[in-house]
Amino acid sequence: MAGTGQFFVGGNWKCNGTKESITKLISDLNSAKMESDVDVVVAPPFIYIDQVKSSLTDRIEISAQNSWVSKGGAFTGEISVEQLKDIGCKWVILGHSERRHVIGEDNQFIGKKAGYALSQGVGVIACIGELLEEREAGKTFDVCYQQLKAYADAVPSWDNIVIAYEPVWAIGTGVVATPAQAQEVHVAVRDWLKNNVSAEVASKTRIIYGGSVNGGNCAELAKQKDIDGFLVGGASLKGPEFATIVNSVT
Ligand SMILES: O=C(COP(=O)(O)O)NO
């Protein structure tokens, strides 16, 4: 484990849940035993953040799944960083592959979003990752480096950033990266930070893995030196399994 020495596990609930199912998930999370030396964050859909914030144990911090690129105003349908702070969000997930490849956000727009969120004191879970065809074409590192550069060009500091490497071909597919595949990219990301930002940022920044992580594969992944935690999708909607993943990283 590099980074700050504190593992980081995020639960990305994506566009899932109802008031009823989230009430059950919160109850399961509140009653789960979670190792104290792991930073745990969950990212509900915007409309349920207040419900979660008001009833979830404060052991777990709240993240948004997206935020607007500047101060709020005449941007119909968007949610501003100021509004997220107002309801107690400490983090925001940006650059998720679903925002890139479904919604169409590009590297520069995502970088600017990260810069603005950080400038307002909200931490950023900065997602990167390649498509299967990019990996098959040997472009994994080039794609990740371009995504990293867009963040680096826009952020005021690296103090409050967690990088999430999420190979798109592993997201929601059940095809998890092998520990070796994940470690190889995490090392390359850390080397990129060392060569393009600073050795200090490279050593302290947590690089977490996401893509079909579950209670059965998390322990092997967590043993990798440069895997500093996880960003979990589907398995984060099951309280007991998410707790297993949190506890696997110690
Ligand atoms: O998108 C993901 C991973 O999703 P899964 O765990 O469902 O593959 N994290 O942000």
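A cavity, as the word is used here, is a set of grid points where a 1.4 Å probe fits but cannot get out, and its lining residues have an atom within 4 Å of a point. In this predicted model, the largest cavity is lined by G95, H96, S97, R100, C127, I128, G129 and E166. Its volume comes to about 40 Å³, and the structure holds one cavity of 30 Å³ or more. Two elements, α4 and β5 (123-128), each give two or more residues to this lining. By residue class, the lining of the largest cavity divides into two nonpolar, four polar and two charged residues.

Before turning to the ligand, a brief word on confidence is helpful. The chain averages a pLDDT of 96, and 98% of the residues score at least 70. The scores for the model are ipTM 0.99 and pTM 0.97.

The ligand has a well-defined list of neighbours: N12, K14, H96, E166, A170, I171, G172, G211, S212, L231, G233 and G234 surround it. H96 and E166, both named among these neighbours, also appear in the lining of the largest cavity. Polar contacts to oxygen atoms of the ligand can be followed residue by residue. From K14, a polar side-chain atom lies 2.7 Å from a ligand oxygen. N12 likewise places a polar side-chain atom 3.0 Å from an oxygen atom of the ligand. With S212, by contrast, a backbone N or O atom is involved, lying 2.7 Å from an oxygen atom of the ligand. Taken alone, the ligand exposes 300 Å², and the protein buries 94% of that area.

Open pockets complete the picture. The largest pocket holds about 340 Å³ of space. Its lining is made up of 14 residues, and K14, C15, Q65, E98 and R99 are the closest to its centre. K14 is thus found at this pocket as well as beside the ligand. Helix α4 (residues 97-103) supplies the largest share of the lining of the largest pocket, with four residues. Six of the lining residues of this pocket are nonpolar, five are polar and three are charged.

The second largest pocket has about 220 Å³ of space. It is lined by 19 residues, of which G172, S212, V213, G233 and G234 are the closest to its centre. Several of these names will be familiar from the ligand's surroundings, including G172, S212, G233 and G234. In the lining of the second largest pocket, five residues are nonpolar, 10 are polar and four are charged.

Definitions and conventions: Residues numbered from 1 in each chain as written. Predicted model: local features only at pLDDT ≥ 70, side-chain atom pairs only at ≥ 80, totals over all residues. Heavy atoms only, no water. 1 Å grid on protein atoms, 1.4 Å probe; cavity = no way out; pocket = protein on both sides within 12 Å on 5 of 7 lines; lining within 4 Å. Points joined across faces, edges and corners; volume = space filled by probe spheres on them. Nonpolar A, V, L, I, M, F, W, Y, C, P; charged D, E, K, R; others polar. pLDDT = per-residue confidence, 0-100. Near = heavy atom within 4 Å. Polar contact = N/O pair within 3.5 Å; in protein donor to acceptor, adjacent residues only side chain to side chain. Areas by Shrake-Rupley, 256 points an atom, 1.4 Å probe, with all protein chains shown as cover.
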